[in-house]
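Could you walk me through this structure in the viewer? I would like to know what to select at each stop and what is there.

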Amino acid sequence: MTADIETHTYDVVIIGAGGAGLRAAIEARVSGKKTAIISKSLFGKAHTVMAEGGCAAAMGNANSNDNWMVHFGDTMRGGKFLNNWRMAELHAKEAPDRVWELETYGALFDRTADGRISQRNFGGHSYPRLAHVGDRTGLELIRTLQQKIVSLQQEDFRNTGDYEANIKVYDETTIVDLLKDGDKISGAVAYQRESGRHLLFEAPAIVMATGGIGKSYKVTSNSWEYTGDGHALALRAGASLINMEFLQFHPTGMVWPPSVKGILVTESVRGDGGILTNSEGKRFMFDYIADVFKDLYATTPEEGDRWYTDPDNNRRPPELLPRDEVARAINSEVKAGRGTPHGGVYLTVAGRTEVGLTTEAILKKLPSMHHQFKELADVDITKEAMEVGPTCHYVMGGIEVDPDTGAASVPGLFAAGECSGGMHGSNRLGGNSLSDLLVFGKRAGAGAAEYVDKLGKDRPVVSDAAVKEARDRSVAPFGDGGQEGAENPYTIHQELQQSMNDLVGIIRKAEEVEEAQGKIDELRERAKHMVVEGHRQFNPGWHLALDLRNMLLVSECVAKAALIRTESRGGHTREDHPVMNAEWRHKLLVCNIKDDGSVDVQEKEQIPLREDLLDLFEMSELKKYFTEAELAGRNS
Ligand SMILES: Cc1cc2nc3c(=O)[nH]c(=O)nc-3n(C[C@H](O)[C@H](O)[C@H](O)COP(=O)(O)OP(=O)(O)OC[C@H]3O[C@@H](n4cnc5c(N)ncnc54)[C@H](O)[C@@H]3O)c2cc1C
């Protein structure tokens, strides 16, 4: 017992029970480490469970021309060459093994006619590459990883008589602060949602796997737990964040009815043959093929449609451009007055029999979408068009890590999944997150285990004073809501969401981002006076007050980086700097926390792309992204 608080001691603590956290936990446990999994949500209800379309891996099942090099090229192209190339390389090379490994854990993917794992098309991927289970892939992924964890617990029971001897799950438990001994991680403080009681986890290694930050935005596909906790916890512990200006606005969220605005409409709808049209009935994406993609996409609807059945002799339809391109195009159509009655565009699978979308095929391939629209909007997608528009979906930015081990700059801190940064550059391709979770979850778990081995007996120690400080800080919001100057967390959250949506959203300009920064400063001051009433047992107002500390910090990172990057690239579009600038491609914006608690953003040079990887691209393509100086000396 330290500082009169329930204490648990582990080798490795994993914060987050999504795909990244569970894969990291499996690796740490099989490396012989006593491992805890902490999850803010219920076990099984992490964001990964919501993933629909699939998991990208160049297995070559649907087209034997596919291989890791093509996948690597697509990922770099999708990220506009700002990606951490080593991560993109490891990801492309290792994703197939991670998917096949899932099968050994018991995953049941959809199959091709000859019995291999079925792979579907997605935006920005040259070949059908997404291993999937209908449009419920994340559910199967989480189910399988959980099953593997249970099997490890059964093994531990056989050996020790205790299921939880070496791996234990603490769900509905939220980490509020990381603890350090000198410069090294020593543990973390949490509270339990239901009881409000605090817990202390002593551990020399922590893997952050907390997912994204979408709840800082008003219209988002993300659920309640995506409040940027891991980003903020790591930042406050001294780690750096990169690429925070890059947020993915998924082109197709529901726009109607208002209560479900933002809920995702999977990209598989387009991958399987769905088309986007405006209020004039025009397939408008043909007008939005950017120069860098000109030769890769069909220029007529006929060619685009032929591609579904004959991909080797036709180019893909522009509905399958990377997400940033499609989201901007939809935004432009709506702004030009060619939107639907509810401010979106139409997405249609009904009647697309020419690409194989019969009613039966729609129901088989897109059962969740059919159910979602029928239940939430009373729209039958086998007969009617869907109304869709952009929704804040994914953060490319995150904790800066070593690609091979997932280690952050703070000794003992590791990160994987959506809360880590670098892999996807300025824009993530659909399907590349589920594979990212598996590849880098495994690597971070192994990295953490190796770190613990190297520490030996010389483990960092938790200080009672730091635990008390964390605990006191977390209960500080309790008070009398009627007192003068008291602020309500729900009001602060609403104002933050509105500002981020309107001022640092899909299209940005300097004055608006500056206005957002002013608003964040104001909200940070007001947040100091947040008061929550009642007691600590299941008190959502209190939980939100604690989450806001993280959302405000992460929003400050997004706004500050968005102001500094004076170009448009991937998930960062500046109306006042509309062009991609090669001088910015080799620069990262790195966020750190200053002594006064505010965010400092500095430019940092990217490590140049390795020569053999550069050789995978045509010179004509590289010229679109790189400066002349960077390409000097290469054969044109
Ligand atoms: C609707 C939807 C559909 C998607 N479809 C696809 C797809 O088809 N293919 C694809 O590749 N990607 C898809 N994505 C993206 C992908 O699902 C996510 O990027 C990915 O699941 C993130 O996984 P993760 O393991 O990093 O985090 P998550 O799965 O979100 O897990 C985060 C975990 O951290 C926990 N947590 C957070 N904060 C704390 C804290 N303070 N203390 C303790 N625990 C904490 C949460 O409770 C949760 O357990 C989709 C996303 C959405 C929203």
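Here is a tour in seven stops, from the annotated regions to a few individual residues. Keep in mind as you go that this is a predicted model.

**Stop 1: the annotated regions**

Start by selecting residues 11-434, which UniProt lists, in an unreviewed entry, as "domain: FAD-dependent oxidoreductase 2 FAD-binding". Over this stretch the chain is 29% helix and 19% strand. Mark the two end C-alpha atoms as well: they are 26 Å apart.

Next, switch to residues 506-533, given in the unreviewed UniProt entry as "coiled-coil region". Here the chain is 64% helix and 0% strand, with 36 Å between the end C-alpha atoms.

**Stop 2: the shell around the ligand**

Now select the ligand and show its surroundings. Which residues are the closest to the ligand? They are G16, G18, H47, G211 and G417, out of 42 residues that surround it. If you colour the shell by class, you should find 22 polar, 15 nonpolar and five charged residues.

To see where the shell comes from, display helix 1 (19-30), strand 3 (35-39), helix 4 (137-160), strand 8 (173-181) and helix 11 (432-455); each of these supplies at least two shell residues. Helix 11 makes the largest contribution, with four residues.

**Stop 3: the nonpolar core**

Leave the ligand and turn to the largest nonpolar core, a set of 176 residues. I206, V207 and M208 have the most contacts inside this core. Helix 15 (residues 540-564) provides the largest share of the core, 15 residues. Domain 1 (251-392) and domain 2 (479-586) both contribute residues, so the core lies between them.

While you are here, click on M208. Leaving aside neighbours within four places in sequence, M208 is in contact with I15, G16, G230, L233, A234, I399, L413, F414, A415 and C419. You have met one of these partners already: G16 is also among the residues closest to the ligand.

**Stop 4: two domains side by side**

Colour the two assigned domains separately: domain 1 covers 251-392 and domain 2 covers 479-586. Their centres, taken over C-alpha atoms, are separated by 31 Å. How many residues of domain 1 are in contact with domain 2? Five are, and they meet five residues of domain 2. Select helix 8 (residues 323-335) to see what gives the most to the domain 1 side, with four residues. By class, that side has two nonpolar, one polar and two charged residues.

**Stop 5: a cis peptide bond**

Go to W256 and P257, which are joined by a cis peptide bond with omega of about -5°. P257 sits in the loop between strand 13 (247-254) and helix 6 (268-271). For context, most peptide bonds are trans, and most residues other than glycine have a negative phi. The second half of that remark leads to the next stop.

**Stop 6: positive phi at K80 and F81**

Select K80 and F81, in the loop between helix 2 (68-78) and helix 3 (85-105). K80 is not a glycine, yet its phi is positive, at about 55°. F81 is likewise a residue other than glycine with a positive phi, near 60°.

Are these residues buried or exposed? K80 is buried, because 25 other C-beta atoms lie within 10 Å. F81 counts as buried too, because it has 26 C-beta neighbours inside 10 Å.

**Stop 7: F284 and Y297 in one loop**

Finish in the loop between strand 14 (275-277) and helix 7 (301-309), where you will find F284 and Y297.

Take F284 to begin with. It counts as buried because it has 21 C-beta neighbours inside 10 Å. Not counting residues up to four places away in sequence, F284 touches L276, T277, N278, A329 and E333. For a sense of distance, draw a line from F284 to I213: the two are 71 residues apart along the chain, and their C-alpha atoms are separated by 31 Å.

Then move to Y297, which counts as buried because it has 22 C-beta neighbours inside 10 Å. With residues up to four places away in sequence left out, Y297 touches I289, R315, R316, P318 and L321. As a last pair, select Y297 with E89: they are 208 residues apart in sequence and 25 Å apart in space, C-alpha to C-alpha.

Definitions and conventions:
Residues are numbered from 1 along each chain as its sequence is written. This is a predicted model: local features need pLDDT of at least 70, side-chain atom pairs count only at pLDDT 80 or more; totals for chains, interfaces and linings use all residues. A residue is buried if 20 or more other C-beta atoms lie within 10 Å of its own, exposed if 12 or fewer, and partly exposed in between; C-beta atoms are placed from the backbone. Two residues are in contact if their C-beta atoms, placed from the backbone, lie within 7 Å. UniProt positions are given in the numbering used here, feature names are shortened, and annotations may be inferred rather than shown by experiment. A residue is near a molecule or strand if its C-beta atom, placed from the backbone, lies within 6 Å of it. Ala, Val, Leu, Ile, Met, Phe, Trp, Tyr, Cys and Pro count as nonpolar, Asp, Glu, Lys and Arg as charged, and the others, Gly among them, as polar. A nonpolar core is a set of buried Ala, Val, Leu, Ile, Met, Phe, Trp, Tyr and Cys residues joined through C-beta atoms within 7 Å. Domain bounds come from an automatic or database domain assignment.
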